[in-house]
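These are my notebook entries on one structure. I set down what I looked up, in the order in which I looked.

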Amino acid sequence: MPNSTDEHGPGQRGVEQYFAVDSSNRPQEYNSLRSATIVYLQKYVQSSGKKLYAILVFAAISVPAGLFFGFTAPWIWNNISYFLPIIFAYVLLLCVISLYRSAGSDPGVLPRNIHIETSESEKKDPGSSNVAPLSVTVNCRQYDEDRPVYLPINYCTVCRIWRPARAIHCRECDSCIDFMDHHCVWLNNCIGVRNYRYFFCLILSLSFLGYLMTSLCFLHVFILKRQKSSTTIAAIRLAPVSFALAVYGIVGSIYPTALSLYHIFLMSRGENTIEFLRSQRVTKLERRRPYDTRNIQRNILYVLCAPKRISYTRSPGIVEAREC
Ligand SMILES: [Zn+2]
Ligand SMILES: [Zn+2]
């Protein structure tokens, strides 16, 4: 582990001291605290484990897109319009960038408490001195003032921090994630406060990409059929790749479309996935949505357009240690 004190001078600590990367590609302090976070390419890509399913997702996007550009796009460029393949390329680029940002960026990891108590009682039962349940009462105008909403602020015994109300400890990432929506097994990353907008952009652009590919490939087969005055089967034989891509586009866009609609529904209610699932455990009368502004546009803008929170694990600056 590099000695940041030497690098920044006495009395100063680089942020990288807490998250320095060792030869196993794990941030040192995270490693010692059993976090599952792994960084690649000098912190430019971050993942919660070694199961890089995101590569499979990338292949599921790039292989059919490559076939489209190899077999269908040249014909559409020459016979219909050059504008359509350019639109396809733009949506594809949006997909790939969103995939990279949602799968490889910090979802909103909350730093662990690295100043761990070493008393005997702490060793026996970590967090035992500070685990009393704490709740904060939120004055929520939406509901009856006689029945206020209680937001629990819990102590995480793994990270040893009091985490914010919408933060949850993810077992896969082994970290507390702010505004944790869910842990995505396909991206192998949590979807949280910092990458939710990229995740939503990914599923939305994937849906559009599927529709666009299906439309253009069917158009290819249909126009071939008219030009040759042949049967549908004969036209499919003339452009088998386009027909296969059209079917793939239909099948492949079902899941991202359903997911996009579901997340639009959640955002409009001022909820995330975990909050929605938890609310289903109680009766309708007991359900509360404390983050609902009662304005659908405002709820959606709050999630997608709010200023992006800084990454506590990848701060570009240097912090100065203060003696307390
Ligand atoms: Zn935690
Ligand atoms: Zn996670």
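**Entry 1: a small sheet**

I began with V109, which stands opposite I177 in β10. The model is a predicted one, and I read every entry below with that in mind. I then looked up how the strands around this pair are joined. β4 and strand β10 (residues 175–177) run antiparallel and are joined by two bridges. I asked in which order the three strands of this open sheet lie. I found the order β4-β10-β9, with antiparallel pairing. β4 (109–110) and β9 (168–170) each have a single partner strand and stand at the edges, so one side of each is left without a neighbour in the sheet. I noted for reference that strands of a sheet pair through backbone hydrogen bonds.

**Entry 2: zinc ion (ligand 1)**

I next looked up the donors of the zinc ion (ligand 1). They are C156 (SG), C159 (SG), H169 (ND1) and C176 (SG), at 2.1 to 2.3 Å. H169 falls within β9 (168–170), and C176 falls within β10 (residues 175–177). I checked whether H169 and C176 are buried or exposed. Both are buried. The angles among the four donor atoms run from 104 to 119°, and the site is tetrahedral. For comparison I wrote down that the ideal angle for four tetrahedral donors is 109.5 degrees. In sequence, the donor residues of this ion follow the spacing C-x2-C-x9-H-x6-C.

**Entry 3: zinc ion (ligand 2)**

I then turned to the zinc ion (ligand 2). Its protein donors are C170 (SG), C173 (SG), H183 (ND1) and C190 (SG), which lie 2.1 to 2.2 Å from the ion. I recorded angles of 101 to 118° among the four donor atoms of ligand 2, and this site is tetrahedral. The spacing of its donor residues in sequence is C-x2-C-x9-H-x6-C. I asked why C170 is counted as buried. Its relative accessible area is 2%, and buried means under 20%. C173 counts as buried at 3% relative accessibility.

**Entry 4: helices α7 and α8**

I looked up the extent of helix α7 (residues 196–228). This helix has 33 residues and reaches 48 Å from its first C-alpha to its last, close to the 48 Å expected at 1.5 Å a residue. S229 follows α7, and its phi is positive, near 50°. I went on to A235, which has its place in helix α8 (residues 232–238). A235 is buried, and its relative accessible area is 0%. Setting aside residues up to four places away in sequence, I found that A235 touches V221, L224, K225 and S230. H220 is 15 residues from A235 along the chain, and their C-alpha atoms are separated by 9.1 Å.

**Entry 5: the chain and its confidence**

Last, I looked up totals for the protein chain. I found 11 helices and 13 strands. Of the 324 residues, 42% are buried. Among contacts between residues at least 6 apart in sequence, 61% join residues at least 24 apart. The pLDDT averages 79 over the chain, and 71% of the residues score at least 70. I asked which elements have the lowest and the highest mean pLDDT. Strand β1 (residues 12–14) has the lowest, 35, and helix α9 (residues 240–269) has the highest, 96. Over residues 1–34 the pLDDT is below 50, and this stretch has 74 contacts in the model beyond near neighbours in sequence.

Conventions
Residues numbered from 1 in each chain as written. Chains lettered and ligands numbered in written order. Predicted model: local features only at pLDDT ≥ 70, side-chain atom pairs only at ≥ 80, totals over all residues. Heavy atoms only, no water. Donors = N, O, S within 2.8 Å, 3.2 Å for Na, K, Ca; no water. Tetrahedral: all angles 85-135°; square planar, octahedral: opposite > 155°, others 65-115°. Buried < 20%, exposed > 50% of the residue type's maximum accessible area, 1.4 Å probe, protein only. Pairing = 2+ DSSP bridges. Helix = DSSP H or I, 4+ residues; strand = E, 2+ residues; numbered from the N terminus. Contact = heavy atoms within 4.5 Å. pLDDT = per-residue confidence, 0-100. Expected span 1.5 Å × (residues − 1).
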